[in-house]
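Here is a set of questions and answers about charged side chains. Please look at the model before reading on.

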Amino acid sequence: MTTFDDTLQRARSAFASGKTRDINFRRKQLENLLRCYEEHENDMINALEADLRRPKQESLVVETELLKNDVKHILYHLNEWVKPEKPSKSFVNLMDDVQIFKEPYGVTLVIGAWNYPLQLLLVPVASAIAAGNCVVIKPSEIAANCAKFVADVIPKYLDNDCYPVVCAGPSETAELLQQRFDYIFYTGSTRVGKIIHAAANKYLTPTTLELGGKSPVYIDKSVNLRTAVKRILWGKLINCGQTCIAPDYVLCSKEMQEKFIVEAKDVLKEWYGDNIQSSPDLSRIINQNNYQRLLGLMKSGRVALGGKYDASERFIEPTILVDVKPTDPVMEEEIFGPVLPIFTVENAYDAIKFINARENPLVLYIFTSETEVQNLFINGTQSGGACINDTIMHYAVDVLPFGGVGMSGMGSYHGKYGFDTFSHQKSCLGKDLAAIGEKLASARYPPYSDQKSSLLTFLLRKRRPLPNLHLPYVLAFGLGVGVSVLVNYLIQVRKGKLSR
């Protein structure tokens, strides 16, 4: 606990010094972070392989390249993001200065997750740095090799007082949460998210919770099934299904279920060969606890494809389950592994009813070529996000906010949304002391009267704004008329002088 006290005190002193508010300091730290990613890419890939037996291509796509592109995106736009916003003004404030300043919260805590142990930790860290905060960086102890990389390497590139790394297990993390932070960002399970949120309530600390849930996939007969199966299975099997936005279960008709299984069998053979266990392209389950939990979930329904496993490697073959019941464990808890149950429905309306009877998912996947069906799901369900005719890829679009709703989380990040998450929006109204302004404002002072009330009502009345589309044309027209009148006046004056 003493160590945490010292760490927090150094971070608070560093923030109080004001150096993280300096845009040049932030930019330098982000440039150092980018250099770290570039110089240690192979080390990161090796750590991911050691923790998850992650194939190199997956680590490149979902970890190292994503990290590099995230920092580059921030650096390209940071000067724009830090500028105060100047919102439109009403009539009563036309003479005033109305601005929204982006202010850092102070000392923030970012707690990462084990399934993507680098990018789920360091992407929000970069956003917090960009917003001018100090950051206590807490990697997941479950992904031990990646945690060691963060603890050993990151301090060589970032200011150690402003951005300390804290490695801790569950009991130490509980102690860490007793400290007073100005913002907490957590990625992980809903169960632990509730603990984080309860700890934050002690000081009313604002919190972002990036959690999970059961993200459904709806498929109808209008799709190109081969393509749909490939995209669904890729989203399910990347990182061996240990992804918060992995497709969790499929909703489709009985007819589509049978066709899906046939295509899936062929796709899996194309990807991994006849012996999936020997393929270098499928990750492994993180530890024995999760491995045993998944074996328990596989007892639900009937295995239609796959089903093999090997405890010595924590290997579970990609498995499709059918004939599952809504009350089966595999349909009630987040799977987080290479197991995909299919629940049959008659149509899109039944699927929507099924989804709405459960907690809000982190993402909804809709596979259909029918725009009407797409709109039914978008407008008829609630989820953190939605992705049409693909899986996972929405996560990589940095101009979209990523986050959950309800039990799948609160708050969002990525790109500017990450910067905004770690920034307090401080509103500021600026007035001058000129006589005309004070004359108009004096109606608010006692003694009150009907005349003053009428004036205030007129000044405060909301008015429909001019359409922004036409305003430039109106101004240009007015300027043109003014110039024409001025030119004609000067010509007439000149003619009058010549005639004399």
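The turns below deal with salt bridges and with how buried their partners are.

Q: How do you know what is counted in this model?
A: This is a predicted model, where local features need pLDDT of at least 70, side-chain atom pairs count only at pLDDT 80 or more, and totals for chains, interfaces and linings use all residues. Residues are numbered from 1 along each chain as its sequence is written, and side-chain values use heavy atoms, leaving out hydrogens and water.

Q: Why is the contact of aspartate 159 and lysine 19 called a salt bridge?
A: The rule asks for a side-chain nitrogen of Lys or Arg within 4 Å of a carboxyl oxygen of Asp or Glu. Here the N to O distance is 2.9 Å, so the pair qualifies. By this rule the model has 24 salt bridges.

Q: Why is lysine 19 called partly exposed?
A: Buried means under 20% relative accessible area, exposed over 50%, and partly exposed in between (1.4 Å probe, protein chains only). Lysine 19 has 30%, so it counts as partly exposed.

Q: What makes glutamate 85 and lysine 102 a salt bridge?
A: Their N to O distance is 3.3 Å, so they meet the rule.

Q: Which of these words fits lysine 102, buried or exposed?
A: Lysine 102 has a relative accessible area of 12%, so it is buried. Glutamate 85 has 34%, so that residue is partly exposed.

Q: How do you know that arginine 284 is buried?
A: Its relative accessibility is 4%, so arginine 284 counts as buried. Arginine 284 forms a salt bridge with glutamate 313, with the closest N and O atoms 2.8 Å apart. Glutamate 313 is partly exposed, because its relative accessible area is 34%.
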